[in-house]
Amino acid sequence: MKQIKRIFVTSSLVFVLTGCHLISNTQKVEVKPPVDVTQPDDTGVIEMPPEIAKQTDWNSVLSPFIKKLVNVPLSNSDNKLIFISDIQNRSGDYIANNQIDEALHQLMHKQNTFTVVDRQTISQAKQSLGISADDKLVSRGKMIGLAKSISASYVLFTTIYKVPSASNDVDLAMELISTQSGEILTRVASKDFPKQPDINKETNKVIEDNK
């Protein structure tokens, strides 16, 4: 009987010591509160659509400028190859360069004074001179350099000072520049044309007067 008690006591001590050892080697684990990973719901945010450029009939706007510009006397010794430059934008507003460029090429192809440099030749000349296709730093010197690289005798240089709007007419200037000398042979500006009366305003005035 005593032997059984001794075995029981010994077993109990071994169990207690083993439990203490396990407890001492157990690391404390810090329990953190759950993190809310729910993404914010932005379905109620409405993004502003890109501003739509005002549609302008550039063929009608530029036609009188071209008609006046191509009548300037030219030297018979020069070739009549003309380079239509990029548009110089001094309006501070967005302008649709591609629309203006397309209108200029269409109008210049209709006249019989000059031969227009094609767009592919212009693109190749820009690449050879390291000029980006969407270069915004347009200057007379840069355009004259491009014209010289493709042996064009003239540059058609256009500057936009004010884009047309509901309350304002377009304000622009168009220059014919000699590639050889850099001289501006002629300059046509918006102020050279009489301002046309606003037909809608005149009609409204007549209606008001007849009431």
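**An exposed serine, two cores and two helix pairs**

Ser-151 counts as exposed, because its relative accessibility is 52% and the cut-off for exposed is over 50%. The model in which this serine sits is a predicted one. Ser-151 belongs to the loop that runs between α5 (140–149) and β3 (154–162). Its backbone is a bit of an oddity: Ser-151 is not a glycine, yet its phi is positive, at about 60°.

Stepping back to the whole chain, the protein has 6 helices and 5 strands. Read from the N terminus on, these elements come in the order α-α-β-α-β-α-α-β-β-β-α. The chain holds 211 residues, and buried ones make up 32% of them. As for how the chain meets itself, take the contacts between residues at least 6 apart in sequence: 66% of these join residues at least 24 apart.

What about the nonpolar interior? The largest nonpolar core has 29 residues, and the members that touch the most others are Trp-58, Leu-62, Leu-104, Met-108 and Leu-156. Two or more residues of this core come from each of α2 (58–69), β1 (81–89), α3 (97–110), β3 and β4 (171–178). The biggest giver is α2, with 6 residues. Trp-58, one of the core members that touch the most others, has quite a list of partners beyond the residues up to four places away in sequence: Gln-99, Ile-100, Ala-103, Ile-160, Pro-164, Val-170 and Leu-172. There is also a second core, separate from this one, with 15 residues, among them Phe-83, Val-117, Met-143 and Ala-152.

Next come the helix pairs, starting with α2 and α3. Their axes lie 9 Å apart, and the two helices pack at an angle of about 50°. With that angle, α2 is oblique to α3. The crossing of this pair is right-handed. On the α2 side, the contact is made by Trp-58, Asn-59, Leu-62, Ser-63 and Ile-66, while α3 brings Gln-99, Ile-100, Ala-103, Leu-104, Gln-106, Leu-107 and Met-108. Sorted by class, the contact between α2 and α3 has 8 nonpolar and 4 polar residues, and no charged ones. Trp-58, Leu-62, Leu-104 and Met-108 thus turn up twice, because they take part in this helix contact and are also named among the core residues that touch the most other members.

The other pair is α4 (residues 119–129) and α5, whose axes come within 10 Å and cross at roughly 110°. Here the angle makes α4 roughly perpendicular to α5, since 65 to 115 degrees counts as roughly perpendicular. Ala-125, Lys-126 and Leu-129 make the contact from α4, and Gly-145, Leu-146 and Ser-149 make it from α5. By class, this contact has 3 nonpolar, 2 polar and 1 charged residues.

A few single residues fill in the picture. Asp-101 is part of helix α3. With a relative accessible area of 18%, Asp-101 is buried, because buried means under 20%. Leaving out residues up to four places away in sequence, Asp-101 touches Ile-84 and Arg-119.

Val-116 lies in strand β2 (residues 115–116). At 12% relative accessibility, Val-116 is buried too. Beyond residues up to four places away in sequence, Val-116 touches Leu-81, Ile-82, Ile-84, His-105, Met-108, His-109 and Gln-111. One of these partners, His-105, is 11 residues from Val-116 in sequence, with 7.6 Å between the two C-alpha atoms. Ile-84, for its part, is a contact of Val-116 and of Asp-101.

Finally, where does Lys-80 sit? Lys-80 is in the loop between α2 and β1. Its relative accessible area is 25%, so Lys-80 is partly exposed. Not counting residues up to four places away in sequence, Lys-80 touches Leu-74, Ser-75, Thr-113, Phe-114, Thr-115 and Tyr-154. Thr-115 is 35 residues from Lys-80 along the chain, but their C-alpha atoms are separated by 5.8 Å.

How values were computed
Residues numbered from 1 in each chain as written. Predicted model: local features only at pLDDT ≥ 70, side-chain atom pairs only at ≥ 80, totals over all residues. Heavy atoms only, no water. Helix = DSSP H or I, 4+ residues; strand = E, 2+ residues; numbered from the N terminus. Buried < 20%, exposed > 50% of the residue type's maximum accessible area, 1.4 Å probe, protein only. Core = buried A, V, L, I, M, F, W, Y, C linked by side-chain atoms within 4.5 Å. Contact = heavy atoms within 4.5 Å. Axes fitted to C-alpha atoms, helices over the stretch in contact; angles between N-to-C directions. Parallel < 35°, antiparallel > 145°, perpendicular 65-115°, else oblique. Left-handed = near helix turned anticlockwise from the far one by under 90°. Nonpolar A, V, L, I, M, F, W, Y, C, P; charged D, E, K, R; others polar.
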